[in-house]
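This note sets out comments on the structure for a colleague at the bench. Please read the points alongside the sequence and the coordinates.

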Amino acid sequence: MTTSASVPAEREGAIATGTVTDRLVDANEQYAAAFSDPGMDARPVLGVAVVACMDARLDLHAALGLELGDCHTIRNAGGVVTDDVIRSLTISQRALGTRSVVLIHHTGCGLEALTEDFRHDLEMEVGQRPAWAVEAFRDVEQDVRQSMQRVRTSPFLLHTEDVRGFVFDVKTGLLREIDPA
């Protein structure tokens, strides 16, 4: 598989010098030159919000057969349901009409190698403890269950009957559904 990281910048038409951000801005200029407004609004066509890990190996649209405008995508480290994810889901449901929630964690997640000591280490380094939890976990399936429970019990969400959780296998590309029980 070829990724943008494995293709020399010169082949991509990007400037060979400069920062990665410069490369991204150059790519955007090429994109914008051919861009035409698709005429969509912010409401996802399929009425679904997908919460997933930020891991660069997860191409959610390709893995789920989604097109631009089909879903809201909410990503963070681990794909865990935090207060900010509940905030985004609440806006997604109450203001933009989504009714279904799909949660996707994955094999080989970096959060499995961390502990809450990460916060302590940051405090020692910078002199201030982060207000947020790392949300590290050892059992990906159990963390999916916990995330489903957080969505299902949130008083802010209108639609909690269609909440399903999965583990994406980064080696095979397959989703494995997790029983919430």
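The numbered points below concern a predicted model and take up salt bridges, helices and selected residues in turn.

1. Salt bridges in general. The model holds eight salt bridges. Side chains of opposite charge can pair when their charged atoms come close. Three of the pairs, together with one network, are discussed in the points that follow.

2. The pair D55 and R57. These two residues form a salt bridge in which the closest N and O atoms are 2.8 Å apart. The partners do not fall into one accessibility class: D55 counts as buried because its relative accessibility is 16%, under the 20% limit for that class, whereas R57, at 44%, counts as partly exposed.

3. The pair R176 and E141. Here the closest N and O atoms of the salt bridge lie 2.3 Å apart. The pair links distant parts of the chain, with R176 in strand β5 (residues 175-178) and E141 in helix α6 (residues 140-152), 35 residues apart. R176 is partly exposed, having a relative accessible area of 39%; E141 is also partly exposed, at 28%. In addition, a network of salt bridges links E141, R145 and R176.

4. The pair E177 and R164. The side chains of E177 and R164 meet in a salt bridge, with 2.7 Å from N to O. This pair likewise links distant parts of the chain: E177 belongs to strand β5 and R164 to strand β4 (residues 163-168), with their positions 13 residues apart in the numbering. E177 is partly exposed at a relative accessible area of 42%, and R164 is partly exposed at 40%.

5. The link between D162 and S100. D162 is placed in the loop between α6 and β4 and, with a relative accessibility of 32%, counts as partly exposed. Although D162 and S100 are 62 residues apart along the chain, their C-alpha atoms are separated by 5.0 Å. A polar contact of 2.5 Å joins the two side chains, those of D162 and S100. Beyond its neighbours within four places in sequence, D162 is in contact with R99, S100 and V101.

6. Geometry and packing of helix α4. The twelve residues of α4 (residues 83-94) should span 16 Å at 1.5 Å a residue, and the end C-alpha atoms are indeed 16 Å apart. Which residues of α4 are buried? They are V85, I86, L89, T90, S92 and Q93. Seen down the axis of α4, the buried residues fall within an arc of 165 degrees, so they line one face of the helix. An α-helix has 3.6 residues a turn, so residues three or four places apart point the same way. The buried residues of α4 pack against β1 (48-53), β2 (71-76), β3 (100-106) and α6.

7. T90 within α4. T90 lies in helix α4 and is buried, with a relative accessible area of 15%. The side chain of T90 reaches the backbone oxygen of I86 at 2.7 Å. Not counting residues up to four places away in sequence, T90 touches A95, F156 and L157.

8. Q93 within α4. Q93 also lies in helix α4. Why does Q93 count as buried? The reason is its relative accessibility of 4%, which is under the 20% limit. A polar atom of the Q93 side chain lies 2.9 Å from the backbone oxygen of H159. With residues up to four places away in sequence set aside, Q93 touches T98, R99, V101, L157, L158 and H159.

9. Helix α2 and its start. Helix α2 (residues 20-34) has 15 residues and reaches 22 Å from its first C-alpha to its last, close to the 21 Å expected at 1.5 Å a residue. At the start of α2, a side-chain oxygen of T19 comes to within 3.3 Å of the backbone nitrogen of T21.

10. The backbone at E135. Most residues other than glycine have a negative phi, and most peptide bonds are trans. E135 has a positive phi of about 65 degrees although it is not a glycine. The residue E135 is placed in the loop between α5 (117-126) and α6, and E135 counts as buried at 16% relative accessibility.

How values were computed. Residues numbered from 1 in each chain as written. Predicted model: local features only at pLDDT ≥ 70, side-chain atom pairs only at ≥ 80, totals over all residues. Heavy atoms only, no water. Salt bridge = Lys/Arg side-chain N within 4 Å of Asp/Glu carboxyl O. Buried < 20%, exposed > 50% of the residue type's maximum accessible area, 1.4 Å probe, protein only. Helix = DSSP H or I, 4+ residues; strand = E, 2+ residues; numbered from the N terminus. Contact = heavy atoms within 4.5 Å. Polar contact = N/O pair within 3.5 Å; in protein donor to acceptor, adjacent residues only side chain to side chain. Expected span 1.5 Å × (residues − 1). Arc of directions from axis to C-beta.
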